Amino acid sequence: MTGIRTMEEQDISAVRSLILQLASDLGEEFDLDHAHYLLQYQAMQRYPDIYQNYVYSFEGEVVGFLSLVFYRSFFHKKGTALVNELVVSREYRNQKIGKALIEYAMAVARELGFDEIEVGVMKENEGALAFYRRNGFDEEYLLLGREFSTREAK
């Protein structure tokens, strides 16, 4: 089967591999084990109104992943859909899979009645920036972030 479907528990290993590819592409080094991904998946499954995860399967192989987060605010009447993660396997890039996933994300957000969809991209990730711009995203505001070090988190 080829196409987009809701992520299932049996997809965790494939999604983990895609996330590790993304991390490598961004120059990040981490390798969280399967158990970590399972815990995250199970936590997200408890809140389907907030978290939805999808995979793109090509002939039974998971080659793309999309994670959406839905949140409400007072500024946007109906709320915002956030593309939390989107990654396509290196071997399957430039085959319109990312485009299909982002169009799917927009359709889900519209169907649920949200006002907008947004995505955060590392500013040095020129390929992702170009991809999102080609797909109708523009720079509305600057999102600032701060990662906590291990010492700070204690």
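Which side chains meet in a salt bridge with an N to O distance of 2.9 Å? In this predicted model, they are the side chains of Arg90 and Asp25, and the pair links distant parts of the chain, since Arg90 lies in the loop between β4 and α3 while Asp25 belongs to helix α1 (residues 12-25), 65 residues away. A search of the whole structure finds 5 salt bridges. The points below take up the network to which this pair belongs, then helices α3 and α4, and finally some individual residues in strands and on the surface.

**Salt bridges**

- Asp25 also forms a salt bridge with Arg93, in which the closest N and O atoms are 2.8 Å apart; Asp25 sits in helix α1 and Arg93 in the loop between β4 and α3, so this pair ties together parts of the chain that are 68 residues apart in sequence.
- Asp25, Arg90 and Arg93 are thus linked in a network of salt bridges.
- The members of this network are partly exposed: Arg90 has a relative accessibility of 38%, Asp25 has a relative accessibility of 38%, and Arg93 has a relative accessible area of 32%.
- Because a residue counts as buried only under 20% relative accessible area and as exposed only over 50%, Arg93, at 32%, falls in the partly exposed range.
- A further salt bridge joins Arg133 to Glu139, with the closest N and O atoms 2.3 Å apart; Arg133 is partly exposed, at a relative accessible area of 45%, whereas Glu139, at 64% relative accessibility, counts as exposed.
- As general background, side chains of opposite charge can pair when their charged atoms come close.

**Helix α3**

- Helix α3 spans residues 97-111, a run of 15 residues, and reaches 21 Å from its first C-alpha to its last, which is close to the 21 Å expected at 1.5 Å a residue.
- The buried residues in α3 are Ile97, Gly98, Leu101, Ile102, Ala105, Met106, Val108 and Ala109.
- These buried residues pack against the strands β1 (3-6), β2 (51-58), β3 (61-71), β4 (80-88) and β5 (116-119), and also against helix α4 (126-134).
- Just after α3 comes Gly113, which takes a positive phi of about 85 degrees.

**Helix α4**

- In α4, the residues Ala128, Phe131 and Tyr132 are buried; seen down the helix axis, the buried residues of α4 fall within an arc of 90 degrees, so they line one face of the helix.
- Such a spacing can be read against the general rule that an α-helix has 3.6 residues a turn, so residues three or four places apart point the same way.
- The face of α4 that is turned away from its buried side carries the exposed residues Glu126 and Arg134.
- The cover over the buried residues of α4 includes β4, α3 and β5, and α3 in turn has α4 among the elements against which its own buried residues pack.
- Gly136 follows α4 and has a positive phi, near 90 degrees.

**Residues in strands β2 and β3**

- Ser57 has its place in strand β2 and is buried, with a relative accessible area of 6%.
- Leaving aside residues up to four places away in sequence, Ser57 touches Met1, Thr2, Gly3, Arg5 and Val62.
- Glu61 lies in strand β3 and is partly exposed, with a relative accessible area of 42%; not counting residues up to four places away in sequence, Glu61 touches Tyr56 and Tyr92.
- Glu61 and Leu101 are 40 residues apart in sequence and 15 Å apart in space, taken from C-alpha to C-alpha, and Leu101 is one of the buried residues of α3.

**Nonpolar surface patch**

- Tyr47, Ile50 and Tyr51 form a nonpolar patch on the surface, and together they have about 270 Å² of accessible area.
- Within this patch, Tyr47 is found in the loop between α2 (34-45) and β2 and is partly exposed, with a relative accessible area of 47%.

Note on methods: Residues are numbered from 1 along each chain as its sequence is written. This is a predicted model: local features need pLDDT of at least 70, side-chain atom pairs count only at pLDDT 80 or more; totals for chains, interfaces and linings use all residues. Side-chain values use heavy atoms; hydrogens and water are left out. Helices (H or I, at least four residues) and strands (E, at least two) are DSSP runs, numbered from the N terminus. The expected span of a helix is 1.5 Å times one less than its number of residues. Buried means under 20% relative accessible area, exposed over 50%, partly exposed in between (1.4 Å probe, protein chains only). Contact means heavy atoms within 4.5 Å. The arc is that of the directions from the helix axis to the C-beta atoms. Patches are made of residues with over 30% relative accessible area and no salt bridge: like charges are joined within 9 Å, nonpolar side chains (Val, Leu, Ile, Met, Phe, Trp, Tyr) within 5 Å. Accessible areas come from the Shrake-Rupley method with a 1.4 Å probe; for residues, only the protein chains shown count as cover. A salt bridge is a side-chain nitrogen of Lys or Arg within 4 Å of a carboxyl oxygen of Asp or Glu.
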